[in-house]
Amino acid sequence: MRGLLTSLVPSTIDHPVLSGRWQLHPQVALRPEPFGALAYHYGNRRLTFLRSPDLVELVRTLGDHASVDDALQASGVDERRWPSFRTAIASLADGDLLIPKAA
Amino acid sequence: MDEQLDTTENTDDSELVEEELLVEEVSIDGMCGVY
């Protein structure tokens with residue numbers, strides 16, 4: 001069913017999460033699933049599906065890198081997929097699942 | 001019969017790519033007692 005859950009978006013987006021160091025919120029728990037992971041935020045009670053194991057790994061290691069792009073570079077994710085991952089990271093930041101990491 | 005779809009389009013303004021839906025929020029409010 002390719003194409004049902006896709007849309008055409010610009011390859012670059014502008015969001016604060018894309019600059020600076022961010023990390024998974026300490027109140028967020030990740031539960032691995034075959035499709036990726038379930039993320040539950042104990043603070044705001046939001047349940048979020050992370051629909052890619054690559055995204056899950058990116059989120060787990062985000063705090064180890066100076067920026068999202070650095071983390072993507074280290075993750076080995078195909079660069080053609082980076083726009084989707086940037087959008088996903090921005091969405092997670094908007095949902096408070098990601099927070100800025102203190103220097 | 002598999003066809004390879006062209007997943008990229010080039011425009012004058014910016015490169016458009018096919019987006020994957022990687023994050024999906026699920027609402028569980030009001031689910032208590034639902035069987």
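Is A:Tyr42 buried or exposed? A:Tyr42 is exposed, since its relative accessible area of 57% is over the 50% cut-off. The structure is a predicted model, with an ipTM of 0.79 and a pTM of 0.75. Its chains A and B contribute strands to an open sheet, ordered 3(A)-4(A)-5(A)-3(B). The points below cover confidence, the sheet, the helix on it, one buried histidine and the aromatic pairs.

**Confidence**
- The mean pLDDT of chain B is 64, and 26% of the residues in that chain reach at least 70.
- Within chain B, strand 3 has the highest confidence, at 91, while strand 1 (residues 8-10) has the lowest, at a mean of 49.
- Residues 9-13 of chain B have a pLDDT below 50, and this stretch makes five contacts in the model beyond near neighbours in sequence.

**The sheet**
- The sheet has four strands, and the pairing is antiparallel.
- Strand 3 of chain A (28-33) and strand 3 of chain B (23-26) are the edge strands, each pairing on one side only.
- On average, neighbouring strands of the sheet are turned by 25 degrees against each other, with direction ignored.
- Strand 3 of chain A is joined to strand 4 of chain A (residues 36-41) by six bridges, and the two run antiparallel. Across this pairing, A:Val28 has A:His41 as its bridge partner.
- Strands 4 and 5 of chain A are antiparallel and are joined by four bridges, with A:Ala39 opposite A:Thr48.
- The hairpin of strands 4 and 5 of chain A has five residues between the strands, and A:Arg45 in this hairpin takes a positive phi near 65 degrees.
- The pairing between the chains is made by strand 5 of chain A and strand 3 of chain B, antiparallel over four bridges. Here A:Leu50 stands opposite B:Val23.

**The helix on the sheet**
- Helix 1 of chain A (residues 53-61) packs on the sheet and touches strands 3, 4 and 5 of chain A as well as strand 3 of chain B.
- The direction of helix 1 of chain A makes about 150 degrees with that of strand 3 of chain A.

**A:His41**
- A:His41 lies in strand 4 of chain A. It counts as buried because its relative accessible area of 2% is under 20%.
- A polar atom of the A:His41 side chain lies 2.9 Å from the backbone nitrogen of A:Gly43.
- Leaving aside neighbours within four places in sequence, A:His41 is in contact with A:His25, A:Gln27, A:Val28, A:Arg46, A:Gly95, A:Asp96 and A:Leu97.

**Aromatic pairs**
- The count over all chains is two aromatic pairs.
- A:Phe35 and A:Phe49 are stacked, because their planes lie at 15 degrees, under the 30-degree cut-off, with the ring centres 5.3 Å apart.
- This pair links distant parts of the chain, 14 residues apart: A:Phe35 is in the loop between strands 3 and 4 of chain A, and A:Phe49 is in strand 5 of chain A.
- Both rings belong to partly exposed residues, with relative accessibility of 33% for A:Phe35 and 25% for A:Phe49.
- A:Tyr40 and A:Tyr42 make an edge-to-face pair, with 90 degrees between the planes and 4.8 Å from centre to centre.
- In this pair A:Tyr40 is partly exposed, at a relative accessible area of 24%, whereas A:Tyr42 is exposed, at 57%.

Definitions and conventions
Residues are numbered from 1 along each chain as its sequence is written. Chains are lettered from A and ligands numbered from 1 in the order in which they are written. This is a predicted model: local features need pLDDT of at least 70, side-chain atom pairs count only at pLDDT 80 or more; totals for chains, interfaces and linings use all residues. Side-chain values use heavy atoms; hydrogens and water are left out. Two strands pair if DSSP finds at least two bridges between them. Axes are lines fitted to C-alpha atoms, for helices over the stretch in contact, and angles run from 0 to 180 degrees between N-to-C directions. Contact means heavy atoms within 4.5 Å. Buried means under 20% relative accessible area, exposed over 50%, partly exposed in between (1.4 Å probe, protein chains only). A polar contact is a pair of N or O atoms within 3.5 Å; within protein, one must be able to donate a hydrogen and the other to accept it, and residues adjacent in sequence count only if both atoms are side-chain atoms. pLDDT is the predictor's confidence in each residue, from 0 to 100. Rings of Phe, Tyr and Trp (its six-membered ring) pair if their centres lie within 6.5 Å; planes under 30 degrees apart count as stacked, over 60 as edge-to-face and the rest as tilted.
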